[in-house]
Amino acid sequence: MYRLEILPEVQEQLDALPKEAVVACAEVFVMLEVTPWSGDPYSREHLDGSSRAIAFGPDGNGLLSYLILEDQRRVILLIVIWAG
């Protein structure tokens, strides 16, 4: 199991999400705690890199970017974007 960390500025982004995005985002959080490597690589040049991103929301309108610290079993949420 991985520990999910949310930076204060990211928490502000989460707090601003519309209701339809909140449930989808919570589902992604569960995935991040169990299988964070299933997200897409943030960079095509570093397919095995620890920077990852995953789309979320009813129509994939959201994007979460995060960093995996494997040796510490930590996932740090870096940014939340909602284009809904």
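This passage walks through the fold, the salt bridges, the ring contacts and the surface of one protein chain.

The structure is a predicted model. Its protein chain contains 2 helices and 5 strands. Read from the N terminus, the elements follow the order β-α-α-β-β-β-β. The radius of gyration is 12 Å, close to the 12 Å that the globule rule gives for 84 residues, so the chain is as compact as a globular protein of that length. Along the principal axes, the C-alpha trace extends over about 35 × 25 × 20 Å. As for the interior, 36% of the 84 residues count as buried.

Charged contacts offer a good way into the model. The count of salt bridges comes to 3. In one of them, Arg3 pairs with Glu5, and the closest N and O atoms are 2.5 Å apart. Glu5 also forms a salt bridge with Arg74, again with the closest N and O atoms 2.5 Å apart. This second pair links distant parts of the chain, with Glu5 in strand E1 (residues 3-6) and Arg74 in strand E5, 69 residues apart. Taken together, Arg3, Glu5 and Arg74 are linked in a network of salt bridges. The accessibility of two members of this network can be set side by side. Glu5 counts as partly exposed, at 21% relative accessibility, whereas Arg74 is buried, with a relative accessible area of 18%. These values lie on opposite sides of the cut-off, because buried means under 20% relative accessible area.

Arg73 is a residue worth pausing on. Arg73 sits in the loop between strand E4 (62-69) and E5, and its relative accessible area of 36% makes it partly exposed. The backbone here has a positive phi of about 55 degrees, although Arg73 is not a glycine. The side chain of Arg73 meets that of Glu70 in a salt bridge, at 3.0 Å from N to O. Glu70 is likewise partly exposed, at 33% relative accessibility. Arg73 also has an aromatic neighbour: it lies over the face of Tyr2, at 4.0 Å from the ring centre. The picture at Arg73 thus joins a salt bridge to Glu70 with a place over the ring of Tyr2.

Among the aromatic rings themselves, the count comes to 1 aromatic pair. Phe56 and Trp82 form this pair, which is tilted, with 5.7 Å from centre to centre and 40 degrees between the planes. Phe56 lies in strand E3 (residues 51-56) and Trp82 in strand E5 (residues 74-82), so the pair ties together parts that are 26 residues apart in sequence. The two partners differ in their cover: Phe56 is buried, with a relative accessible area of 3%, while Trp82 is partly exposed, at 22%.

Strand E5 appears once more at the surface. Leu63, Leu78, Ile79 and Ile81 make a nonpolar surface patch of about 290 Å². E5 supplies the largest share of this patch, 3 residues. One member of the patch, Ile79, is found in strand E5 and is partly exposed, with a relative accessible area of 32%. Strand E5 therefore takes part in the pairing of Phe56 with Trp82, holds Arg74 of the salt bridge to Glu5, and contributes 3 residues to the nonpolar patch.

A final stop is the stretch that leads into strand E3. Gly49 is located in the loop between strand E2 (40-41) and E3. Despite its place in a loop, Gly49 is buried, with a relative accessible area of 18%. The C-alpha atoms of Gly49 and Leu67 are separated by 9.0 Å, and the two residues are 18 residues apart along the chain.

Conventions
Residues numbered from 1 in each chain as written. Predicted model: local features only at pLDDT ≥ 70, side-chain atom pairs only at ≥ 80, totals over all residues. Heavy atoms only, no water. Phe/Tyr/Trp six-rings, centres within 6.5 Å; stacked < 30°, edge-to-face > 60°. Helix = DSSP H or I, 4+ residues; strand = E, 2+ residues; numbered from the N terminus. Buried < 20%, exposed > 50% of the residue type's maximum accessible area, 1.4 Å probe, protein only. Lys NZ or Arg CZ within 6 Å of the ring centre and 35° of its normal. Patch = residues over 30% accessible without salt bridge, like charges linked within 9 Å, V, L, I, M, F, W, Y side chains within 5 Å. Areas by Shrake-Rupley, 256 points an atom, 1.4 Å probe, with all protein chains shown as cover. Salt bridge = Lys/Arg side-chain N within 4 Å of Asp/Glu carboxyl O. Rg over C-alpha atoms; globule rule 2.2 N^0.38 Å.
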